[in-house]
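Let's take a look around this one together. Have the sequence and the 3D view open as you read.

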Amino acid sequence: MASGGDLAVHSPIDGREIARVRHDDAAAVQKKIGAAVKAFQVWRDVPAPRRGELIRLLGQELRTHKEALGRLVTLETGKILQEGLGEVQEMIDICDFAVGLSRQLYGLTIVSERPGHRMMETWHPLGPIGVISAFNFPVAVWSWNAALAFVCGDPVVWKPSEKTPLTALACTRLFARAMNVFGDAPDGLLSVVIGGHEVGEAVVDDSRLPLISATGSCRMGQVVGPRVAQRFGRSLLELGGNNAMIVAPSADLEIAVRAILFSAVGTAGQRCTSLRRLIVHRDIYDDLIPRLKAAYGSIAIGDPLVDGTLVGPLIDERGFTGMQKALEQVRAEGGAVTGGCRVFEDKFPEAFYVQPAIAEMDGQTDIVRTETFAPLLYVLVYGDLAEAIALHNGVPQGLASSIFTNDMREAERFLSSAGSDCGIANVNIGPSGAEIGGAFGGEKETGGGRESGSDAWKAYMRRATNTINYSNELPLAQGISFNVG
Ligand code: UN1
């Protein structure tokens, strides 16, 4: 394990220091971005299907080392091993997707208004991409960006969360192995820059990086977005969520309870897609909520490496105090809290395990409208669907959403233009745990970015519109006459 550096890495499992890594200073960051610029000159000319071959090889490395990388994810983030492995599977899936994509980077052919002319759209590599990732999905979110960027012809400069540098360094090793088998990929195709906000700022402000893809809090996005725009760069923002589920009277409560549990307490509530607001119809409230509380009571909390554990620790003390402060505010705003206490303090004084909390609220107060990155689920009551949708959309964030109903009209209304205002809207599954095949991201303060599947690749390329004249004349568009002499 890495040692001798100036950045200590702690495992949230017991708070123990597990490694030390070296910060990149300003000169090192400049050098790595410079290397990415150089790599771009070569990589952009490599045919895309050949670039896809590198990602196929990366996918193979990930398959071979799934268990080891999954364990490292668990060690560094505290998510349970099943989810650590799931995260690596998500990486494998996006690699497979990107390999196929490497033969599908096509544009349109467009009819011209001029005789003997043809128009078309071509997609070209954009340049080196800056990727800023968060602690909670330390490697999967990088891979959504990187797998697409590489097949699109773009090198990647990656700034992982300073809480999770080890998994990032492990990915660079796997990538180096894939590069080695590949043979002639340019050095500098992938660099990791380690450090805090000063390193992030260096990446954000560097105009050699035409796209910054950043995942993190809305506050972070409020800084990154304008700074990148200032230099006319593009940003792809994946910021906070305040994801809700509406549970309608016709819902299958058996599967609804399971979905609520996975989305609200899975990853200890530290997914950007975690379920934070449950909007329950009043006719089923007294049936659903006691069942949910009973299920919460039987959740296995503990060491995330142990089989059967469903909830591991929070990432660190800040995560814990953030949750406690939110609970205080819930009480001040009239909410009734079940759970939420710290556990295993004796055994793990340096680690922060909590009982997931349920907060029954009278209305959508300020704290309910705020994202708290912890297992804290607000419960609200509704009478008719219009009211539920208004509550649902009445928050600043717009990432993921869901409805549990067996009423087709309700389901379709929720998915319609007058329904959920989120980037992800689901029926009879929770808001978290998206597959890679769809575009991932959200609206409003979530930042508007889309990454991963569908046509998210377009963000990593530049579009050119080409007009070709194969006639012997020079007709002008809009019928303009411009005759010389
Ligand atoms: C995140 O929390 O930043 O949809 C990403 C999900 C996962 C990705 C979450 N596939 O919950």
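In strand 16, which residue is the bridge partner of Leu 278? It's Val 379. Keep in mind that this is a predicted model. The bridge belongs to a bigger pairing: strand 11 and strand 16 run parallel and are joined by 5 bridges.

Now zoom out to the sheet. It is an open one made of 7 strands, in the order 12-15-16-11-10-18-19, with mixed pairing. Strand 12 and strand 19 sit at the edges, each pairing on one side only. On average, neighbouring strands are turned by 20 degrees against each other, ignoring direction.

Two helices go with this sheet, and here's how they are placed:

| Helix | Residues | Strands involved | Angle |
|---|---|---|---|
| Helix 11 | 317–332 | lies across strand 12, strand 15 and strand 16 | about 140 degrees to strand 12 |
| Helix 12 | 385–393 | touches strand 10, strand 11, strand 16 and strand 18 | about 150 degrees with strand 16 |

So much for the sheet; there's a helix pair to see too. The axes of helix 3 (residues 66–77) and helix 6 (residues 165–182) come within 9 Å and cross at roughly 160 degrees. Because of that angle, helix 3 is roughly antiparallel to helix 6. Which residues make the contact? From helix 3 there are Leu 69, Leu 72, Val 73 and Glu 76, while helix 6 brings Leu 166, Thr 167 and Ala 170. Sorted by class, this contact has 5 nonpolar, 1 polar and 1 charged residues.

Note on methods:
Residues are numbered from 1 along each chain as its sequence is written. This is a predicted model: local features need pLDDT of at least 70, side-chain atom pairs count only at pLDDT 80 or more; totals for chains, interfaces and linings use all residues. Axes are lines fitted to C-alpha atoms, for helices over the stretch in contact, and angles run from 0 to 180 degrees between N-to-C directions. Helices (H or I, at least four residues) and strands (E, at least two) are DSSP runs, numbered from the N terminus. Angles under 35 degrees count as roughly parallel, over 145 as roughly antiparallel, 65 to 115 as roughly perpendicular and the rest as oblique. Two residues are in contact if their C-beta atoms, placed from the backbone, lie within 7 Å. Ala, Val, Leu, Ile, Met, Phe, Trp, Tyr, Cys and Pro count as nonpolar, Asp, Glu, Lys and Arg as charged, and the others, Gly among them, as polar. Two strands pair if DSSP finds at least two bridges between them.
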